[in-house]
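Please look over the sequence and the model shown below before reading on. The paragraphs that follow go from the contact between domains to the nonpolar interior.

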Amino acid sequence: MDTAALASGLPLDEKIALLTGAGTWVLHNIDAIGLRTVTVSDGPIGVRGVDGDGRPSAQLPAPSATAATWDVDLQARIGTLMAGEARRKGVDVVLAPVVNLQRSPVGGRHFECLSEDPFLTTRLAVAFIDALQQQGVAACIKHFIANETETDRTEYVSRIDERTLREVYLAPFEAVVEAGVWTIMAAYNGLSLEGVDATATEHGPLLNGILKNEWGFDGVVISDWLATKNTVEAALGGLDLVMPGPGGPWGENLTQAVRDGRVPIDVIDDKVARILLLAERVGALTGTAGDVPAFDATDASPEPDAPEVRALLTELAARSTVVLRNEGALLPLGADTTSVALIGPNAAKLFTQGGGSAFVRAPLVADPVAALRAALPAASVSLHRGGVSEAGAPAMPSELLSTPDGAPGMLIEHLDSHGAVVDTSVITDAAHIWFDILDPRVVDVRLTTDVSVAGGGHHAIEFAPVGAHRIEVDGVLLSESGARVGSEVVLNSSYANPETFTATLPDDDADRVVHIEAVLQVVQADAYGDFVRLHLRYREPGLSVEQEIAEAVAAASASDVAVVVIGTNPETESEGWDRPNLDLPGRQNELVRRVLEANPRTIVIVNAGAPVILPWLDEVPAALWWWLPGQEAGTSLAAVLTGAVEPSGRLPWTLPADEADVPVANGLPVDGFVDYPEGTDVGHRGWDRHGLTPAREFGYGLGYTTWEYSGIAVTDAPASGAEAAAGAATTLATASITLANSGPRAGREVVQVYLEAPAEPADPQRPVRWLAGFAVVDAEPGVEITVDIPLARRSFEIWSTDAATWRLPAGTYRVVAGRSSRDLRLEAALAVS
Ligand code: BGC
């Protein structure tokens with residue numbers, strides 16, 4: 001269809017309307033040209049669907065977990081699964097993947113990124129996007145660009161030298177554009193490039209220059225949610241679509257700018273044409289009056305708890321698990337295991353997904369105790385928390401609450417600006433005090449409830465309100481603030497973890513009814529709507545952390561094996577903020593050490609997305625990095641512990657032993673700028689540059705068998721086979737690696753190939769060594785295989801800022817291959833002319 005002609009033929013008001021969302025997740029429709037509403041949804045942990053879609057979604061392991069498989073075929077299967085989820089939920093555009101790099105381990109969205117390495121990120125993202133878009137569902141690659149830090153994310157400008165920008169941070173975006181991605185998300189932050197310090201949504205040299213003109217991107221540049229600041233600058237800078245809507249800086253203002261001649265109509269037509277092309281690609285446009293295509297829900301995708309979906313998610317979570325240590329082959333556990341003490345704050349409360357916009361509601365979370373009992377029928381399995389690691393108390397149980405009338409729940413009075421009650425409602429679910437206000441007169445609500453608690457012990461009620469509030473407990477003022485907040489609390493995610501105020505109840509034997517009255521502001525969050533949010537929590541009397549640790553230690557010493565599940569939690573890892581340090585929260589290090597003392601057969605499972613310091617790692621006999629495993633937590637844990645599936649993950653980032661060693665400690669903005677002085681030495685390259693030894697290096701993972709590498713041959717001809725045919729024009733050489741499974745059981749290896757630059761002429765900006773190829777191989781015990789790994793021309797090239805082009809430096813490159821970035825077993829030379 002000639003979408004350009006269709007676009008230019010539309011009346012101006014319809015053109016402009018199309019350029020801003022019709023709602024938080026939808027675009028405008030135009031019946032007259034057969035354009036139905038295009039729907040977008042987050043990504044990347046699943047497909048959440050639009051607001052109000054109460055249906056659960058398949059909850060995947062965190063993206064870094066799936067990256068730990070290093071398996072492009074599995075990424076393609078994820079793409080196909082997400083396409084099915086999108087169809088099921090009426091979604092046309094999935095806001096995924098995130099291809100920003102894990103520059104610093106403290107980055108809040110670390111778990112949402114794939115890897116610290118640009119090459120691994122690129123290969124996995126391309127596989128995902130190809131599979132997703134093949135099903136007619138668009139990917140939205142994000143966040144363009146240099147969005148590696150959450151702190152002040154809507155304010156800072158990233159300053160990166162151009163060579164680093166091209167070789168490292170733009171590289172995954174460029175590859176994905178070349179692979180034909182249909183949409184891209186302009187980030188909140190700004191970029192300093194070609195003398196322009198501008199926010200990404202209005203950066204001409206970035207969006208018009210590099211993305212559209214140089215790379216030939218023909219898709220839609222979508223703003224991150226509420227990121228667009230200025231009307232004309234964003235329009236001229238290359239942004240195509242403001243999200244969310246309605247409202248925002250375009251609309252009437254943009255129409256006026258066109259009429260005044262400040263924005264040429266061609267610029268508008270180009271944006272409209274791009275949106276129409278997107279609509280055509282996802283099957284939302286016929287171009288014929290009145291002929292609006294219905295959403296194609298014909299391919300009935302399986303529900304997220306269907307056996308085939310659960311099997312894939314289990315395989316993903318198990319395959320992504322990384323064996324960090326396995327002394328004396330403690331793992332996998334044999335069928336003769338008699339008793340398992342499952343211990344730890346994260347065993348009692350699994351952390352399955354990180355916080356923020358990627359959140360999806362899972363249909364279930366597979367219980368580890370049940371899964372272990374099923375997998376080890378001869379063993380008794382017991383669960384012991386061993387202390388809590390979260391600072392906040394658990395959510396208030398709804399059944400403790402009653403309204404002043406004695407009905408279950410909380411009375412909500414909707415107040416206008418004079419404090420008059422304009423409406424009332426009752427909320428019964430205390431775990432989610434987060435509701436929309438539809439009446440624009442309502443500026444505050446008054447929440448009234450009575451909490452019935454049984455006497456004895458230490459009780460506490462915690463309140464974490466968002467914005468202005470006044471909270472009274474039994475008529476006594478607990479907290480008051482007049483500081484009203486707006487949409488910034490959504491952008492910085494502070495609504496997820498606001499300041500807590502605690503009411504401690506007297507420690508006596510009296511049963512009591514605690515009267516709560518709280519006036520809470522309505523947060524007017526622009527296109528995110530108007531809402532009220534309060535975290536209401538209750539800590540009931542119980543064992544102290546010390547008592548719980550002691551109880552867990554006793555259980556460990558009485559068991560055949562202790563499995564300690566430790567890690568981060570929703571207070572730690574989320575979009576919206578960066579972590580202050582890499583410590584495990586609470587007393588979890590102490591828990592591990594004390595359990596180990598009680599039972600030498602201790603296996604530690606790390607339930608975290610991003611690196612944490614594990615000071616005892618080389619003292620425990622076995623440790624697995626289990627990520628944020630998604631809905632199939634329990635089933636995947638049982639599968640890897642028993643070896644039903646080999647945990648064949650390899651770290652897609654570096655695990656520090658000591659926080660002081662981390663090359664980029666935090667990457668926080670200073671005076672509004674985030675600088676990247678390490679240049680191209682991102683991630684493991686920085687550790688190599690400084691000769692530092694991490695706890696476990698990039699690419700590390702033991703699996704359950706052993707491998708012997710015996711031969712490498714590098715030829716400068718492209719490899720044979722389908723992959724090579726596809727990349728023939730860009731493949732410069734092929735590394736053929738021979739290896740054998742030298743262990744006792746079938747296994748999966750990730751063969752990794754790194755390059756080192758010619759010694760002469762010296763190029764100090766080149767990393768010591770960089771990843772240039774990898775392949776996943778399966779082999780039975782004793783079987784030898786040779787795998788051909790293509791090495792792309794781009795892996796050898798450097799960006800010449802002076803000539804503004806790529807150059808291929810001639811000379812002899814060292815090609816090294818092995819099991820990780822530090823366990824390199826083979827080497828060969830390759831002359832490049
Ligand atoms: C995030 C995006 C997300 C969008 C919509 C933003 O705050 O940065 O990744 O897609 O919200 O939820």
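**Domain contact and nonpolar cores**

In this predicted model, domain 1 and domain 3 bury about 1,500 Å² between them, with 56% of that area on carbon and sulfur atoms. On the side of domain 1, Trp70, Phe119 and Arg163 supply 48% of the area that this domain buries against domain 3, which is more than any other three residues. The protein chain as a whole is divided into domain 1 (3-281), domain 2 (398-539) and domain 3 (707-832), and the contact under discussion takes 14 residues from domain 1 and 19 residues from domain 3. The centres of these two domains, taken over C-alpha atoms, are separated by 32 Å.

Polar and charged pairs also occur across this interface: the count between domain 1 and domain 3 is 3 salt bridges, and 4 residue pairs are found in polar contact, both residues being at pLDDT 80 or more. The elements that give two or more residues to the side of domain 1 that touches domain 3 are α5 (118-134) and α6 (162-169), and of the elements on that side α6 gives the most, with 4 residues.

Turning to the interior, the largest nonpolar core has 114 residues, and those with the most contacts inside it are Phe144 and Ile145. This core draws at least three residues from each of domain 1 and domain 3. Apart from it lies another core, of 35 residues, which includes Ile549, Ala555, Leu596 and Trp616. Phe144 itself, leaving aside residues up to four places away in sequence, touches several residues, among them Leu170, Phe173, Ile184, Met185, Leu211 and Trp215.

Technical notes:
Residues are numbered from 1 along each chain as its sequence is written. This is a predicted model: local features need pLDDT of at least 70, side-chain atom pairs count only at pLDDT 80 or more; totals for chains, interfaces and linings use all residues. Side-chain values use heavy atoms; hydrogens and water are left out. A nonpolar core is a set of buried Ala, Val, Leu, Ile, Met, Phe, Trp, Tyr and Cys residues joined through side-chain atoms within 4.5 Å. Buried means under 20% relative accessible area, exposed over 50%, partly exposed in between (1.4 Å probe, protein chains only). Domain bounds come from an automatic or database domain assignment. Contact means heavy atoms within 4.5 Å. Buried area is the accessible area (1.4 Å probe) that two parts lose on being put together, summed over both. A salt bridge is a side-chain nitrogen of Lys or Arg within 4 Å of a carboxyl oxygen of Asp or Glu. A polar contact is a pair of N or O atoms within 3.5 Å; within protein, one must be able to donate a hydrogen and the other to accept it, and residues adjacent in sequence count only if both atoms are side-chain atoms.
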